[in-house]
Amino acid sequence: MSEKIYVFLIRLFPADFRRTYGEESLQLFRDRSRDERGLWPGLRLWFDLLTDLAVSIPVEYRHAQPALAGDSGAQPVDGMPGFELLETTPLRPAAFLSAAFLSFATFAAISVLIVHGGSYRALWLRGAQDQRPDASRASSSVRSAQPSKGAGHQKLMSIRSKEDPTSEVAAPGSGNLMLVSLTSAQRLLPGNPAFAQSNRAQIGQPTPQDATTAMIRAFDSHNIVMFGENHGVKQEYEWLDKLVSTPQFADRVDDIVVEFGNSLYQKSVDRYIAGEDVPIEQVQKAWQNMIGAVGPPSPVYAGFYKAVRDENLKRRGKHQIRLVLGDPYGDWDRIKNAEDLGPYLANRDQWYAQVVKDEVVARNHRALLIMGAGHFLRRNGPGYVEREIRAAGANPYLVVFGTNAIGAYDDLDPRFDAWTRPAIVSLAGNWVGELPSSSVTTGGSVPATQLKLADAADALLYVAPRDALTQVNMTRSELERTAYEKELNRRMMIMTGRTLGPLPTEAEAPMFHRPQPQLNAGGQNALPPPPQTIHDPLPPRPPSR
């Protein structure tokens, strides 16, 4: 009904305007109608539209009149009378008054419809959420902050959005879609030619930006930036090391909360990161004794700890960065079987979220969160960690690591080749956001699903083509016949029922491999059943070491 009313109102514009901007204006109306639901957003939408119509229609007819006068003054040919067919003529005063009356009457009618329709929708949504326990924690306000398909139609030129600080145009969901004046006489409103022309120029094409600059800029409008990493990627962590070594980053960010650090060792890491002399054998327990990863840890993690420490040493007497450990505080010396391990494995996201709420949000800090992308991706709305920190008052922005794989393993997109790397690109309203999230974030090793990048995150980090990415490993020569190798085999038996596989001989190897057929449930790759304690809460936290 609303769209039919808007189509009727568009017909009040001159015919040449309708031909040029009619479809684009209608698409903008559809996008705003989809994103601005409810009583007050709906009232604001129609107030903007009707105000714009009242201003723009006379302006467009004034612009059209000189051309009409010129056409009507054409000279006759061979003395014969000349007749011109004028497709657009100025509005008669009576027609203009009728249109104004109709606009205000429509505004009143739509207000009534929104009140009743919005209430019904709110009740329906509440009922649907009550039947979905996992989704009920995600409030409608959180869902509305996500970028949506087709949202590029709503971009406003030269305005940096609070929800999309890496972009030079405003993105949907920011709550700031009130239309912005370019000059005192020209406003970027639906129906205005400048608005339609700007969207036609912007839509569909991403704007890659220098990754370090974009990440730092994100903290201008967000107190938390979530980064979904891919474990152990050399090029990814080379960029992260550079990021934390940038003075502008250290000036803005208080904490970095990492998945790759057992929080049992927070005290030792605090001293090490602050520049104190701490034996490395004590500090490395943080990344060598993780609960969530029992295999040999990639050396990139030790390098990241060192990069943060080195930056703090250069900034003696200035603002320091704290490295906060987000892995549960399990003590492998006391974990003897799967039942001992169960509560720690089951509560990894819960503990990480609690650490962020206690160490970052409650202290009004700004923080970079680093965790595997699988924990952060918005598969059905925000994940557990994001829901929890939003409920605590945080305003997060989500960046995920990605590749140029856009479908199957061999389906690589050449459009990424033109980018200057490393780059961060907003996912709202462009072709990157329309790509399948599963393929891009896993290098094509996981089949494409219907979940698009724009629905899963706010921005993408791109550091290199998929086939140029390498994983850094602990080698066989470093681990073989050591006490640590023996301990890792014990942990693998507890978690998976088998020991470590063949250890890598080279320090670097390709990050992504062609997917291989998986054995069935009764084959060699079958895992033991989960422990009975998998639903138990975390035990009391011991003193930090």
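The side chains of R322 and E359 meet in a salt bridge, with N and O 2.8 Å apart in this predicted model. Because R322 belongs to strand β4 while E359 sits in helix α15 (residues 348-361), the pair ties together parts of the chain that are 37 residues apart in sequence. R322 also forms a salt bridge with D270, where the closest N and O atoms are 3.1 Å apart. In that case strand β4 (residues 322-327) is tied to helix α10 (residues 266-273), since D270 lies in the latter, and the two parts are 52 residues apart in sequence. Neither partner of this second pair counts as buried or as exposed: R322 is partly exposed, with a relative accessible area of 22%, and D270 is partly exposed as well, at 25%.

A further salt bridge involves helix α15, this time through K357, whose closest approach to E388, N to O, is 2.9 Å. K357 lies in α15 and E388 in helix α17 (residues 384-391), so the contact ties together parts that are 31 residues apart in sequence. With a relative accessibility of 19%, K357 counts as buried, because the limit for that class is under 20%. Salt bridges that share partners join D270, R322, E359 and R363 into one network. The structure as a whole holds 23 salt bridges, of which the table lists three examples.

| Pair | Closest N to O distance |
|---|---|
| R322 and E359 | 2.8 Å |
| R322 and D270 | 3.1 Å |
| K357 and E388 | 2.9 Å |

The elements named so far can be placed around a sheet. Eight strands form an open sheet with mixed pairing, in the order β1-β7-β8-β6-β2-β5-β3-β4. Its edges are β1 (209-210) and β4, each of which pairs on one side only. Helix α10 packs on this sheet, touching β3 (255-262) and β4, and its direction makes about 155 degrees with that of β4. Helix α17, for its part, lies across β2 (224-229), β5 (367-372) and β6, running at about 160 degrees to β6. Within the sheet, β6 and strand β8 (residues 459-462) run parallel and are joined by 3 bridges; V399, for instance, has A459 in β8 as its bridge partner. In general, the strands of a sheet pair through backbone hydrogen bonds, either parallel or antiparallel.

What does E386 touch, leaving out residues up to four places away in sequence? This residue of helix α17 is in contact with M226, F376, R378, P396 and L398. E386 is buried, with a relative accessible area of 1%.

L412 offers a second local view, in the loop between β6 (396-401) and β7 (423-426). At 31% relative accessibility, L412 counts as partly exposed. Apart from its neighbours within four places in sequence, L412 is in contact with N404, A405, R466 and D467. The C-alpha atoms of L412 and G443 are 9.0 Å apart in space, although the two residues are 31 places apart in sequence.

Helix α13 (residues 299-314) comprises 16 residues and reaches 23 Å from its first C-alpha to its last, close to the 22 Å expected at 1.5 Å a residue. The buried residues of α13 are V300, Y301, F304, Y305, A307, V308, R309, E311 and N312. As a general matter, an α-helix has 3.6 residues a turn, so residues three or four places apart point the same way.

Over the whole chain there are 21 helices and 10 strands, and 49% of the 545 residues count as buried. Among contacts between residues at least 6 apart in sequence, 77% join residues at least 24 apart.

How far these details can be read depends on the confidence of the prediction. The chain averages a pLDDT of 78, and 68% of the residues score at least 70. Over residues 65-89 the pLDDT stays under 50, and the model has 17 contacts beyond four places in sequence for this stretch. Residues 116-202 likewise have a pLDDT below 50, and that stretch has 180 contacts in the model beyond near neighbours in sequence. Where pLDDT is low, the predicted coordinates should not be read in detail.

Technical notes:
Residues numbered from 1 in each chain as written. Predicted model: local features only at pLDDT ≥ 70, side-chain atom pairs only at ≥ 80, totals over all residues. Heavy atoms only, no water. Helix = DSSP H or I, 4+ residues; strand = E, 2+ residues; numbered from the N terminus. Expected span 1.5 Å × (residues − 1). Buried < 20%, exposed > 50% of the residue type's maximum accessible area, 1.4 Å probe, protein only. pLDDT = per-residue confidence, 0-100. Contact = heavy atoms within 4.5 Å. Salt bridge = Lys/Arg side-chain N within 4 Å of Asp/Glu carboxyl O. Pairing = 2+ DSSP bridges. Axes fitted to C-alpha atoms, helices over the stretch in contact; angles between N-to-C directions.
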